[in-house]
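Me: I would like to go through this structure by question and answer, with the reasoning spelled out each time.

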Amino acid sequence: MRDYRKYKVWELGHEVTLEIYRLTRSFPKEEMYGMVSQMRRASSSVPANIAEACGRESDAEFRRFLIIAQGSANELEYFTVLAKDLRYLETPFFSNLNDKVDKLRRSLNSLITKL
């Protein structure tokens, strides 16, 4: 069994999730059950799926859960763009977050490709 805490991509996913939770606290209250919920779910899905992948026996199952995590990272990327366009995220916060999400997506892709 793999230890998910040893994967840098899991660390980055967890870091992004913490940042999403922090940043979405300032979103309008009417977005609490809309965009805030979706962004938090998508961000936490990435490290959660990496952790679940590590509990799988075969490389094929491991890979499948990493692909699911990658889909959640793609979804999160869209929501960050939407939040910026709706002016819920200021440009400096968006740029920093978008860079991290992009790095997360590339790291997942790299790990998937190695399998």
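Me: Where is the place of Arg87?
Reply: This is a predicted model, in which local features need pLDDT of at least 70 and side-chain atom pairs count only at pLDDT 80 or more, while totals for chains, interfaces and linings use all residues. Residues are numbered from 1 along each chain as its sequence is written, and side-chain values use heavy atoms, with hydrogens and water left out. Helices are DSSP runs of H or I with at least four residues, strands are runs of E with at least two, and both are numbered from the N terminus. On that basis the place of Arg87 is the loop between α3 and α4.

Me: Is Arg87 buried or exposed, and what is its phi?
Reply: Buried means under 20% relative accessible area, exposed over 50% and partly exposed in between, with a 1.4 Å probe and protein chains only. Because its relative accessible area is 75%, Arg87 is exposed. Arg87 follows α3, and although the residue is not glycine its phi is positive, near 65°.

Me: Which residues have the most contacts inside the largest nonpolar core?
Reply: A nonpolar core is a set of buried Ala, Val, Leu, Ile, Met, Phe, Trp, Tyr and Cys residues joined through side-chain atoms within 4.5 Å. The largest one here has 31 residues, and α1 (8–24), α2 (35–54), α3 (59–85) and α4 (91–114) each supply at least two of them. Those with the most contacts inside this core are Val16, Met39, Ile50, Leu66, Leu104 and Leu108.

Me: Which residues is Val16 in contact with, leaving aside its neighbours within four places in sequence?
Reply: Contact means heavy atoms within 4.5 Å. Val16 is among the buried residues of α1, and the buried residues of that helix pack against α2, α3 and α4. With neighbours within four places in sequence set aside, the contacts of Val16 are Leu76, Leu97, Lys100, Val101 and Leu104.

Me: How far apart are the end C-alpha atoms of α1?
Reply: The expected span of a helix is 1.5 Å times one less than its number of residues. For the 17 residues of α1 this gives 24 Å, and the end C-alpha atoms agree with that expectation, being apart by 24 Å.

Me: At what angle do α1 and α2 pack, and how far apart are their axes?
Reply: Axes are lines fitted to C-alpha atoms, for helices over the stretch in contact, and angles run from 0 to 180 degrees between N-to-C directions. The contact between these two helices involves residues including Val9, Trp10, Gly13 and His14 of α1 and Val36, Met39, Arg40 and Ser43 of α2. The packing angle is about 165°, and the axes are apart by 9 Å.

Me: What is the relative direction of α2 and α3?
Reply: Angles under 35 degrees count as roughly parallel, over 145 as roughly antiparallel, 65 to 115 as roughly perpendicular and the rest as oblique. The axes of α2 and α3 come within 8 Å and cross at roughly 160°. Their relative direction is therefore roughly antiparallel.

Me: Which residues does Phe27 touch, not counting residues up to four places away in sequence?
Reply: Phe27 lies in the loop between α1 and α2, and its relative accessible area of 5% makes it buried. Its C-alpha atom is separated by 10 Å from that of Leu86, 59 residues apart along the chain. Not counting residues up to four places away in sequence, Phe27 touches Met35, Val36, Met39, Ala83, Tyr88 and Leu89.

Me: How far apart in space are Val9 and Leu111, C-alpha to C-alpha?
Reply: Val9 is in helix α1 and is buried, with a relative accessible area of 7%. Among its contacts outside the neighbours within four places in sequence are Ile50, Leu108 and Leu111. Val9 and Leu111 are 102 residues apart in sequence, and their C-alpha distance is 8.6 Å.

Me: Which residues is Asn98 in contact with, leaving aside its neighbours within four places in sequence?
Reply: Asn98 is found in helix α4, and it counts as buried because its relative accessibility is 19%. With neighbours within four places in sequence left aside, the contacts of Asn98 are Glu77 and Thr80.
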